[in-house]
Structure formats: structure tokens, C-alpha cells
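Reader: I am new to this structure and would be grateful for a close look at a single part of it. Please set that part in the context of its surroundings.

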Amino acid sequence: MLKILLVDDEEPICKGMRVKLSMSLHSEMYEYRYALDGASGIAVSRSWQPDIIIMDINLPDMAGTDPMLSIQSLSPDTVFLALSAYDNYTYVRSMLVHGAI
């Protein structure tokens with residue numbers, strides 16, 4: 001079973017992602033959780049060990065790169081997807097440089 005974690009400070013986006021996933025994947029194929037800030041994302045990652053993390057690049061307590069690097073040090077096989085509403089590539093670039101898709 002695929003474990004997917006979304007780290008984003010916008011709860012409506014987190015709940016909307018759950019709906020999108022349920023429309024795209026069978027519920028027995030994945031588990032989904034979300035965290036509303038970087039510290040919570042790190043904590044969930046430690047205890048739950050997700051396969052995929054969709055990470056907002058701008059969180060209220062830290063930049064998306066910070067929790068990403070922390071999680072990568074504990075779980076190097078985790079796949080990261082950078083999430084951004086910014087139209088400026090500079091914001092996303094730091095996550096891409098560290099291996100996010």
C-alpha cells in the first residue's frame with residue numbers, strides 16, 4: 001500500500017487532495033495523511049514513514065526545503081513532489097536541486 005503525505009498550511013487544499021486521490025485511485029491502493037506545517041510533517045514522517053510526500057514550498061514555520069532535508073536524512077527513499085502556487089521558478093528551484101520532482 002502506497003503512503004502519501006501532503007504537507008501544506010492550507011487545510012482546504014489538504015482535504016481537496018484527499019478527494020482527488022479518491023477519484024483517481026482505489027482506496028485499497030493508498031493511505032493518505034496531511035500535516036499543516038513543517039514540524040508536523042517531520043513528526044508524521046518519522047512515525048508513519050510515507051512513500052511520497054507532496055511538500056508546499058512555503059510553510060508557516062519553515063521553508064519546504066528544511067523539512068524535506070530533515071526527512072531525507074531519516075528516509076532517503078522517500079519521493080518528494082514540490083507544490084507551489086507561485087509562478088516564479090526561483091521558489092521551487094531549491095526543492096528541485098535537492099531531489100524533489
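Author: In this predicted model, Met29 lies in the loop that connects helix H1 (11–24) with strand S2 (30–35). Its relative accessibility is 41%, and Met29 therefore counts as partly exposed, a class between the limits of 20% and 50%. Leaving aside residues up to four places away in sequence, Met29 touches Met1 and Leu2. Leu2 is 27 residues from Met29 in sequence, yet the C-alpha atoms of the two are 6.2 Å apart in space.

Strand S2, which borders this loop, belongs to an open sheet of 4 strands, arranged in the order S2-S1-S3-S4 with parallel pairing. S2 and strand S4 (79–83) are the edge strands, each pairing on one side only. From one strand to the next, the twist averages 20°. At the S4 edge, strand S3 (residues 52–56) runs parallel to S4 and is joined to it by 5 bridges; in one of these pairings, Ile52 has Val79 of S4 as its bridge partner.

Helix H3 lies across S3 and S4, at about 160° to S3. Helix H3 (residues 65–74) also packs with helix H2 (residues 38–48), at an angle of about 15° and with 9 Å between the axes. H2 is therefore roughly parallel to H3, and the crossing is right-handed. On the H2 side the contact is made by Gly38, Gly41, Ile42, Ser45 and Arg46, and on the H3 side by Pro67, Ser70, Ile71 and Leu74. These contact residues comprise 4 nonpolar, 4 polar and 1 charged.

Conventions
Residues are numbered from 1 along each chain as its sequence is written. This is a predicted model: local features need pLDDT of at least 70, side-chain atom pairs count only at pLDDT 80 or more; totals for chains, interfaces and linings use all residues. Side-chain values use heavy atoms; hydrogens and water are left out. Axes are lines fitted to C-alpha atoms, for helices over the stretch in contact, and angles run from 0 to 180 degrees between N-to-C directions. Helices (H or I, at least four residues) and strands (E, at least two) are DSSP runs, numbered from the N terminus. Angles under 35 degrees count as roughly parallel, over 145 as roughly antiparallel, 65 to 115 as roughly perpendicular and the rest as oblique. A crossing is left-handed if the near helix is turned anticlockwise from the far one by less than a right angle, and right-handed if clockwise. Contact means heavy atoms within 4.5 Å. Ala, Val, Leu, Ile, Met, Phe, Trp, Tyr, Cys and Pro count as nonpolar, Asp, Glu, Lys and Arg as charged, and the others, Gly among them, as polar. Buried means under 20% relative accessible area, exposed over 50%, partly exposed in between (1.4 Å probe, protein chains only). Two strands pair if DSSP finds at least two bridges between them.
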